[in-house]
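User: I have a model open and some questions about it. Can we go through a few parts of the structure?
Analyst: Go ahead.

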Amino acid sequence: QFKNRAEYMDALSGQILQRLRLRTQRETRGYKELIAAYGYLESQLEQSRKKISWLEYEKEKPKKDTENGSEVEDTALKAKLEELKVIQYELNDAIKKKAEYADKVCSQADALKKMEEDLGLSQTRCNELETLNKALQEKLTTAEEIVTVLSRTSETQQVLEHKMKEAEDLNNETSVSKKLLQLTRLKELQESVGIGNKKVPPLKGGVGDMSGANEKLGATPSFVDDVVIYPATPFDSLEAHDVEVSALCFSPDGNYLATGGGDKMVKVWNVKQDLRTADLKCSLSGSGGGIMSVQFDQSSKTVLAASNDSMARIWTIGDLITRHTLAGHSGKVMTAKFMEDNNKVVTGSHDRTLKIWDLQRGACIKTVFAGSSCCDVVATKRALVVSGHTDKKIRFWDLRSTVPNEILLDGKITSLDHYPEHQLLLCCSQDDTLRLIDLRQNSISASFSAPGFKVGAEWTRACFSPDGQYVAAGSADGSVFVWEVASGRMKSKKEH
């Protein structure tokens, strides 16, 4: 009938106290009558004493009158003496009853004292039981919390082991498929040029060429002209994924385009700059959820992707192997970016945390609780991480501390883009406005909006042009809006 031990002990204590009170009332009820009778006898005794004194005085008076020659009738004296005897008898009886009542008062007083001692002991025991119950309740709560944590840890460990096994199996399958594909292509090439079993030297500038690996973070890619002119018309259209495309990124050398979609795939495309076309180079599988962001490292040979399965992954496009699976978030990972030396990665998630990953150790080295779901992050040269959140705040994190600087905007932050040459940060928010932030002062320097421009989702992205002269963002109606940074005017609107 009781939910827990605490309720049972409370009910038991109440019953004990109620019974003790009833017993006290029952046993002390006679005291009131006894005390009243005792008081009445005291008053009667006092009256009897006064009466005896008066009778003794009257008894002596006839003697004096006789001595003075006056005579008192014997009949009246005898009557008075008889009356005196009756009063004396009543007085003796009252004294006896008084003694009896006094004995009863003493015995009742002793009984009351014992009851009070018993009540005190019962109260002390109740207090001890309540203290013990509280201690047991705290231990039970602690044990339940430990069981919950252990259960969650066990479930997380099982999920991680399952995901790691899937990644390992996928890597093995991909490695075998890649080797078979390479052997098939080599055989076809040998047959086409008629060299039989002669070895073909590797082509310079291919996938294994590292000539562009030393390009600095934030430098203008090699395929970008000194002056960027925004395109007037699209020069190619790709059926990239079976469902929506949620992320894309050019490689720093301009040779590749990576796309990610809701089909859990990352696809890498060869960009033919002279022909202004692109064809599929490879597909990177292994993600357990839709892809939310993609990025190349500075060598253009590694792809980083964040996905809805609470993980981020890194592939090398030369062998299609998953090099790292970054598992540790409890919510979908909205963004993942390489940091300055390409040996670290920062991820932002809906679980309201940012995590820094050391790729050499393959582990998370720092977790920062931001207090709000993260939609995008950027990493600058100064080891500064900037994050945008659904609570309408941009947070600036110095990795040596956990207290960020903040800027509050008028809408949820959906994307951030960094232009390092001028230390500018582009922010897109769901109040349908793009804002330019000067990182040297942490202040807003410009805003961009236009009629018809609508930020339709929390993963809507905005970006700088390679020369920083323009900013662009996609609208909910499928259009791409382009603004000129210097004037703040909308330059064009491109329909899809």
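User: Which side chain is joined to that of Arg-395 by a polar contact of 2.6 Å?
Analyst: That of Asp-391. Keep in mind that this is a predicted model. A polar contact of 3.2 Å also joins the Arg-395 side chain to that of Glu-406.

User: Where is Arg-395 found, in terms of strands?
Analyst: Arg-395 belongs to strand S15, residues 393–398.

User: Is Arg-395 buried or exposed?
Analyst: Buried, with a relative accessibility of 4%. Leaving aside neighbours within four places in sequence, Arg-395 is in contact with several residues, including Ala-370, Ser-372, Val-385, His-389 and Pro-404. Glu-406 is also among those contacts.

User: New topic. How many disulfides does the structure hold?
Analyst: Zero. Take Cys-375: the nearest cysteine sulfur belongs to Cys-374 and is 6.7 Å away. A disulfide needs the two sulfur atoms within 2.5 Å, so that pair does not count.

User: And why is Cys-463 not bonded to Cys-249?
Analyst: Because their sulfurs are 9.9 Å apart, which is too far for a bond. Cys-249 holds the closest cysteine sulfur to that of Cys-463.

User: Which of the words buried, partly exposed or exposed fits Cys-375? And which fits Cys-463?
Analyst: Cys-375 is buried, at 1% relative accessible area. Cys-463 counts as partly exposed, at 38%.

User: What does Cys-463 pair with in S22?
Analyst: Its bridge partner there is Ala-472. Strand S22 covers residues 470–474, and three bridges join S21 to S22 in an antiparallel arrangement.

User: What sheet are S21 and S22 in?
Analyst: An open sheet of four strands, in the order S21-S22-S23-S24, with antiparallel pairing. S21 (462–464) and S24 (490–494) are the edge strands; each has a single partner, so one side of each has no neighbour in the sheet. From one strand to the next, the twist averages 15 degrees.

User: What holds strands of a sheet together in general?
Analyst: Strands pair through backbone hydrogen bonds, in a parallel or antiparallel way.

User: Which sheet has the order S1-S2-S3-S4?
Analyst: Another open sheet of four strands, also with antiparallel pairing. Here S1 (245–250) and S4 (277–284) stand at the edges with a single partner strand each, so one side of each lacks a neighbour in the sheet. The twist in this sheet averages 25 degrees from one strand to the next.

User: How many bridges are there between S3 and S4?
Analyst: Seven, in the antiparallel sense, with S3 running over residues 266–272. Lys-272 stands opposite Thr-277 of S4.

User: Now the inside. How many residues are in the largest nonpolar core?
Analyst: It has 17 residues. Leu-426, Leu-434, Phe-453 and Trp-483 are among those with the most contacts inside the core. Strands S18 (424–429), S19 (433–438), S21, S22 and S23 (480–484) each supply at least two of its residues.

User: Which strand gives the most?
Analyst: S18, with three residues.

User: What is Leu-434 in contact with?
Analyst: Beyond its neighbours within four places in sequence, its contacts include Leu-426, Phe-453, Val-471 and Trp-483. Ala-472 is one of them too.

User: What other core is there, apart from that one?
Analyst: One of 16 residues, among them Val-268, Val-303, Ile-317 and Leu-320.

User: What do nonpolar side chains tend to do in soluble globular proteins?
Analyst: They tend to be buried together.

Notes: Residues are numbered from 1 along each chain as its sequence is written. This is a predicted model: local features need pLDDT of at least 70, side-chain atom pairs count only at pLDDT 80 or more; totals for chains, interfaces and linings use all residues. Side-chain values use heavy atoms; hydrogens and water are left out. Buried means under 20% relative accessible area, exposed over 50%, partly exposed in between (1.4 Å probe, protein chains only). Two strands pair if DSSP finds at least two bridges between them. Axes are lines fitted to C-alpha atoms, for helices over the stretch in contact, and angles run from 0 to 180 degrees between N-to-C directions. A polar contact is a pair of N or O atoms within 3.5 Å; within protein, one must be able to donate a hydrogen and the other to accept it, and residues adjacent in sequence count only if both atoms are side-chain atoms. Contact means heavy atoms within 4.5 Å. A nonpolar core is a set of buried Ala, Val, Leu, Ile, Met, Phe, Trp, Tyr and Cys residues joined through side-chain atoms within 4.5 Å.
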